[in-house]
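Reader: I should like to go through the terms used for this protein and ask how each is justified. Please set each value against its definition.

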Amino acid sequence: MAKISVFIHLSLDGVMQSPGGREEDPRGGFRYGGWAQPYADKVLGEVVSKGMKEAPDLLFGHFTYRAFHAYWPHQKDNPFTDVLNRRQKFVVSRSHPKLSWENSTLLAGDAATTVGALKTTHPKDLLILGSGELVQSLMKANLIDELLLTINPIVLGQGKRLFPDGGSFAKLQLVDSKISTTGVVIATYRPA
């Protein structure tokens, strides 16, 4: 059975960074880098690099997949580009989008049902990057095995939260933690 892990950048008040640091620009369009970028350092870089080298196949919600596809294949001087292009990508969506990024497979329908079936049959572990709504659905169905959260020392006051009011109850156990030189808490949790 595949293990499903999650990797998400959060503000101190639980707001998720948009995929790939993609933030809406008030002047229109999007900008890259995001609010977590100034907190990147060697410690965080080593955690991300290790995760990408060991990275299992990827699992995305439709919005996050589109954002990653719009950005990552065009980053020529980044070592993660090749990794992301080569990895198998499973995309959970109810809207049946066309998936044009190489090695992409649509999981159409209810997230808990389609991902639950994939988890029992897929030979490799799965990593979710971002995809907050998908993570919330899978947590409710007890399908998440591990959360790796980078908790950045910034309070945004608004934005989409990983754990919104009215979300499902989850008891977690801290299994690893590191603190970066910029004050980012890198915490790994598993269901208790």
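Reader: How much area does the protein expose, and what share of it do carbon and sulfur atoms supply?

Author: The exposed area is about 10,300 Å², and carbon and sulfur atoms supply 52% of it. Accessible areas come from the Shrake-Rupley method with a 1.4 Å probe; for residues, only the protein chains shown count as cover. The model is a predicted one, in which local features need pLDDT of at least 70 and side-chain atom pairs count only at pLDDT 80 or more, while totals for chains, interfaces and linings use all residues. Residues are numbered from 1 along each chain as its sequence is written, and side-chain values use heavy atoms, leaving out hydrogens and water.

Reader: How do you know that the radius of gyration agrees with that of a compact globule?

Author: The radius is taken over C-alpha atoms, and the globule rule is 2.2 Å times the number of residues to the power 0.38. For 192 residues the rule gives a value near 16 Å; the protein has 16 Å, and therefore the two agree. Along its principal axes the C-alpha trace spans about 40 × 40 × 30 Å.

Reader: Why is strand 5 called largely enclosed?

Author: Buried means under 20% relative accessible area, exposed over 50%, and partly exposed in between (1.4 Å probe, protein chains only). In strand 5 (residues 89–93), 5 of the 5 residues are buried, so the rest of the structure largely encloses this strand. Lys89, Val91 and Ser93 cover one side and Phe90 and Val92 the other, and all are buried. Across the protein, buried residues make up 47% of the 192 residues.

Reader: What makes strand 5 a partner of strand 4 and of strand 6?

Author: Strands are DSSP runs of E with at least two residues, helices runs of H or I with at least four, both numbered from the N terminus. Two strands pair if DSSP finds at least two bridges between them. Strand 4 (residues 57–61) is joined to strand 5 by 4 bridges, and strand 5 to strand 6 (residues 104–108) by 5 bridges. Each pair runs parallel. Phe90 stands opposite Leu59, and its bridge partner in strand 6 is Thr105.

Reader: Why is Leu126 counted as buried, and which residues does Leu126 touch?

Author: Leu126, in strand 7 (residues 126–129), has 0% relative accessibility and therefore counts as buried. Contact means heavy atoms within 4.5 Å. Not counting residues up to four places away in sequence, Leu126 touches residues including Ile4, Asp57, Phe90 and Leu118.
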